[in-house]
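Got the model loaded in your viewer? Keep a selection box handy and we'll walk through it stop by stop.

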Amino acid sequence: MNSGIDAEWRPYYGSMQHQFRFDPLHYGVGGARQREFKQRVGEELRSYGFYFSGEVRLRWHLFLDEQDRWESPSGADVDNFAKLLNDAIKGPDGLLFDDSQVQRLEIAWLSASEGEYFELTVHCGMDEFVARPASLYEMGDGLWYPIPDDAMAVPTAKALLLPQLDYMTFRTKMLRHYLRQGGLLRREAFQEAMLVQPLARGFHYSRIAESEFPLVRRREWQAQLGNQATHSTDPAQEAERLAVEILAARRSSACG
């Protein structure tokens, strides 16, 4: 554990910075060294009490020996560093659920005056993080959503949160379907449905299947909740109603 990190701290102002006081590695090193490097990065990052859950902008600064960088074969190109560095900060010991969250990436090397090290800066949206540890739950749209384990340890919170998120995600899925049936293009339906989709970010199964995060399938948590997992209203009917309103508003706007 890194004793200098406050586990209760959160990036409420939309950014964080962490300095790693050891050599950065590039993707060209052997598998054993890659694993050791990722483990060392994880040993520091797991001290933070959260994961980023939305899109992030990453900036890596690599402080390297300038002479080696120019005059020896050990100086790798910066893009060769990026892959291993990004991989090292995802997963249960990292800060990200998947590198698909990276919306922008900047990497640069600078001359080191005393030893080699590297620095990470992360910019995120406000409140786009979840407490650590967390698990990923499959919802009605087929995507997987990170939820803090502490929240799921409270039966009343679990019984409220999971069905509500499931309702919202399934409604969004059906709304897109009805909008496409109404003549909208796939992208148009996606944009219109964003008005009612949850703020939480869901991940495709292929992105998190081997992430080592605990995964809870929809049928599993529904079976655990039993009758508590049912909805008071039909999300498909609600989606159809919303689609009618949206399509009518679009036609009215086009005529006006």
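Two strands count as paired here if DSSP finds at least two bridges between them. Helices (H or I, at least four residues) and strands (E, at least two) are DSSP runs, numbered from the N terminus. This is a predicted model, where local features need pLDDT of at least 70 and side-chain atom pairs count only at pLDDT 80 or more, while totals for chains, interfaces and linings use all residues. Residues are numbered from 1 along each chain as its sequence is written, and side-chain values use heavy atoms, with hydrogens and water left out.

**Stop 1: the whole chain**

Show the protein chain as a cartoon: you should find nine helices and nine strands. Its C-alpha trace spans about 65 × 50 × 35 Å along the principal axes. Of the 256 residues, 43% count as buried (under 20% relative accessible area; exposed is over 50%, partly exposed in between, with a 1.4 Å probe and protein chains only). Among contacts (heavy atoms within 4.5 Å) with a separation of 6 or more, 81% are between residues 24 or more positions apart.

**Stop 2: strand S3**

Select 56–64, which is strand S3. Seven of its nine residues are buried. Add 102–111 and you have S4, which pairs with S3 in the parallel sense over nine bridges; look for Leu62 facing its bridge partner Trp109. Now bring in S5 (117–124). S5 runs antiparallel to S3, and eight bridges join the two; Phe63 has Tyr117 as its bridge partner there.

**Stop 3: the largest nonpolar core**

A nonpolar core is a set of buried Ala, Val, Leu, Ile, Met, Phe, Trp, Tyr and Cys residues joined through side-chain atoms within 4.5 Å. Which members of the largest one touch the most other members? Put Phe37, Val41, Phe52, Trp60 and Phe118 in sticks: those are the ones, out of 29 residues. Elements that each supply at least two residues include S1 (15–20), H1 (31–45) and H3 (78–88), but S3 gives the most, with five. Zoom in on Val41 and, leaving aside residues up to four places away in sequence, you'll see it touch Phe20, Phe22, Ala88, Ile89 and Phe118. Apart from this core lies another, of 14 residues, including Tyr178, Leu179, Leu184 and Leu242.

**Stop 4: the three-stranded sheet**

Next, pick out the open sheet with the order S8-S7-S9 and mixed pairing. S8 (144–148) and S9 (215–216) are the edge strands, each pairing on one side only. S7 (134–138) pairs with S8 in the antiparallel sense over five bridges, and Ala134 has Pro148 as its bridge partner in S8. Select 155–181 to see H5 lying across S7 and S8, at about 155 degrees to S8 (axes are lines fitted to C-alpha atoms, for helices over the stretch in contact, and angles run from 0 to 180 degrees between N-to-C directions).

**Stop 5: helices H6 and H9**

Select 186–193 for H6 and color its buried residues, Ala189, Glu192 and Ala193. What covers them includes H5 and H9 (235–255).

Finish on H9, whose buried residues are Pro235, Ala236, Ala239, Leu242, Ala243, Ile246 and Leu247. They sit on the same side of H9 because they cover an arc of only 135 degrees around the axis (the arc is that of the directions from the helix axis to the C-beta atoms). Those buried residues pack against H5 and H6. Spin to the face turned away from the buried side for the exposed Gln237, Val244, Arg251 and Cys255.
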